[in-house]
Amino acid sequence: MTDHAEEPDNGDGDGDGGDSDPEDAGHTARETFAEDPIGHARVRAGMTVGELADAYGKAGIGAADVDRAVDIYAEMLDDEVTNFLGLAGAMVPAGMRGIVVDLIRDGHVDALVTTGANLTHDAIEAIGGKHHHGSVGPHDHRVEERTDDESEREHDERLRDEGVDRIYNVYLPQEHFTLFEEHLRANVFPELERTVTIREFTRELGRANLEANEERGIDEDAGIAAAAYDCDVPVYVPAIQDSVLGIQAWIYGQTSDFALDALGDMTHLSDLAFAADSAGAMVVGGGVPKNYVLQTMLTVPDAYDYAVQLTTDPSHTGGLSGATLDEARSWGKLEKTARNVTVVGDATITLPLVVAAARERAGE
C-alpha cells in the first residue's frame, strides 16, 4: 500500500508532486500589472493645481484618469506638437471662453474645430452682450422671485414671456441676438459677397469681433474668433447650419451673392495634418467637432500621437460622444503607440483643471 501522504497532488493531474510552486505561479500572474500600489490623496490650503493633480495620480478611478490627462496634455504643449482642439457643448455660455483664448494666444492651438453655437455666443460677448447666472427650475435656491406652486414648465414659460433664453443654469437675454444679427449684417457679411469656405467666414467674423470690441471699448475680451484671427489660427465649423450663426448666414445668402462652401475646408485641414511631424488632439465634448478632429487622420498617412478626451458620456451606450479614444485607434485615427486617455466628467470642471495643471507641469 502506497503512502500518498508523502506525494501530495499539486493539481497537475498525475499525482507525482510536480515541480511547480504555487507561490511562483502567483508571482507569474502578477506580472500582468505593475507593482504600483494605490496611494491616498492629501490636500491642503495653498497647494497649486499641479500639486492637486499629482495627488490625483496617487488615487484610482477617475482621479487617475485626470492625472494621466494632465501628463499627456503637458507633453502636447511642446512647440513641436501640432495641436487640434475640438470644442463642443455650451462651453462659451458656461464661462470657458477665456481658457480657449489663452491657449490660442499662447500658441497651443494650431486648429480649432467648434460649433456655430460657441461662435455665436463668443461674438455676443465680444460686442458687449453678457450671459448671466440663472437657474434650472423654480426650486433652485438662486431663484428669489417665484411662487411656491410654479412648475418647471411654468418657469421656462415665464422666461419666454420675459425674453430670456436658458442654457441649463445660464440665461441670455434675447435682445443680444438682435445685436448679433446687426453686427453680422453691418461688419461681416458685406465683406464676403461671394462663395467662401467656412474657415474664411470665421476668420472674417474674428476680424469684425476684434474691431467692434476695440471701437466700443468693451471690457470683456474680444474672444475666441478674434484671438484666432489675431494669431492666424484656422477655425472650422463643420455643422455651422446647426446654429444661429448658420441661420443668419443662410438668411443673408437668400438676397446676396454670399454663400458657404461646406467642403472647402477639408483640403486645408488635411494639409495641416499631413504637414505635422507630431500631432495631438484635445477633444472637449463629442458630436461633430470630436469626429471632425479625429477623422482628419483618415485622409493622411499618419495619425495622432497624443489625444485627450473630456466627455460626460460613458462608452457602453455605443454613442459617438462616449466612444473611447482606444476605439478611435481601431480606425487608424490614433497611432498604435499613441498616448491617450478619456476623462468622464463635466468639462466645465475637468477642462480648467487639466489645462491649468498641464501648463504648470510643462513649466509655463
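**Exercise 1. Identify the side chain that forms a polar contact with His108, and describe the surroundings of His108.**

*Solution.* Step 1. The side chains of His108 and Glu364 are joined by a polar contact of 2.5 Å. A polar contact is a pair of N or O atoms within 3.5 Å; within protein, one atom must be able to donate a hydrogen and the other to accept it, and residues adjacent in sequence count only if both atoms are side-chain atoms.

Step 2. This is a predicted model, in which local features need pLDDT of at least 70 and side-chain atom pairs count only at pLDDT 80 or more, while totals for chains, interfaces and linings use all residues. Residues are numbered from 1 along each chain as its sequence is written, and side-chain values use heavy atoms, with hydrogens and water left out.

Step 3. His108 is located in the loop between helix 4 (97-105) and strand 2 (111-114). Helices (H or I, at least four residues) and strands (E, at least two) are DSSP runs, numbered from the N terminus.

Step 4. With a relative accessible area of 5%, His108 is buried. Buried means under 20% relative accessible area, exposed over 50%, and partly exposed in between (1.4 Å probe, protein chains only).

Step 5. Not counting residues up to four places away in sequence, His108 touches Leu77, Asn83, Leu103, Arg359 and Glu364. Contact here means heavy atoms within 4.5 Å.

**Exercise 2. Determine which side chains meet Lys130 in salt bridges, and where the partners lie.**

*Solution.* Step 1. A salt bridge is a side-chain nitrogen of Lys or Arg within 4 Å of a carboxyl oxygen of Asp or Glu. Side chains of opposite charge can pair when their charged atoms come close.

Step 2. One partner of Lys130 is Glu125, at 3.7 Å from N to O. Glu125 counts as buried because its relative accessibility is 8%, whereas Lys130, at 34%, counts as partly exposed.

Step 3. Another partner of Lys130 is Glu220, at 2.9 Å from N to O. Glu220 lies in the loop between helix 8 (198-215) and helix 9 (224-230), and Lys130 in the loop between helix 5 (116-126) and strand 3 (132-133), so the pair ties together parts that are 90 residues apart in sequence. Glu220 has a relative accessible area of 29% and is therefore partly exposed.

**Exercise 3. Describe the salt bridge between Asp265 and Arg199, and then place salt bridges in the structure as a whole.**

*Solution.* Step 1. The side chains of Asp265 and Arg199 meet at 3.8 Å, N to O. Asp265 belongs to helix 11 (residues 265-275) and Arg199 to helix 8, so that the pair links distant parts of the chain, 66 residues apart.

Step 2. Asp265 is buried, with a relative accessible area of 2%, while Arg199 is partly exposed at 23%.

Step 3. The structure holds 23 salt bridges. A network of salt bridges links Asp54, Asp67, Asp71, Glu75, Arg339 and Arg361.

**Exercise 4. Establish the strand order of the open sheet and the elements that pack on it.**

*Solution.* Step 1. The open sheet is formed by 3 strands in the order 3-5-4, with antiparallel pairing. Strand 3 and strand 4 are the edge strands, each pairing on one side only. Two strands pair if DSSP finds at least two bridges between them.

Step 2. Strand 3 is joined to strand 5 by 2 bridges, and His133 has Val170 in strand 5 as its bridge partner. Between strand 4 and strand 5 there are 4 bridges; Arg166 has Tyr171 in strand 5 as its bridge partner.

Step 3. From strand 5, Val170 and Leu172 point one way and Tyr171 and Pro173 the other way, and all are buried.

Step 4. Helix 6 (residues 152-161) lies across strand 4 and strand 5, at about 135 degrees to strand 4. Helix 7 (residues 175-188) packs on the sheet, touching strand 4 and strand 5, and its direction makes about 60 degrees with that of strand 5. Axes are lines fitted to C-alpha atoms, for helices over the stretch in contact, and angles run from 0 to 180 degrees between N-to-C directions.

**Exercise 5. Locate Tyr168 and Asp232, and state their phi values.**

*Solution.* Step 1. Most residues other than glycine have a negative phi. Phi of Tyr168 is positive, near 55 degrees; Tyr168 lies in the hairpin of strand 4 and strand 5, which has 2 residues between the strands. Tyr168 is exposed, with a relative accessible area of 59%.

Step 2. Phi of Asp232 is likewise positive, near 55 degrees. Asp232 is found in the loop between helix 9 and strand 7 (235-236), and it counts as exposed at 61% relative accessibility.
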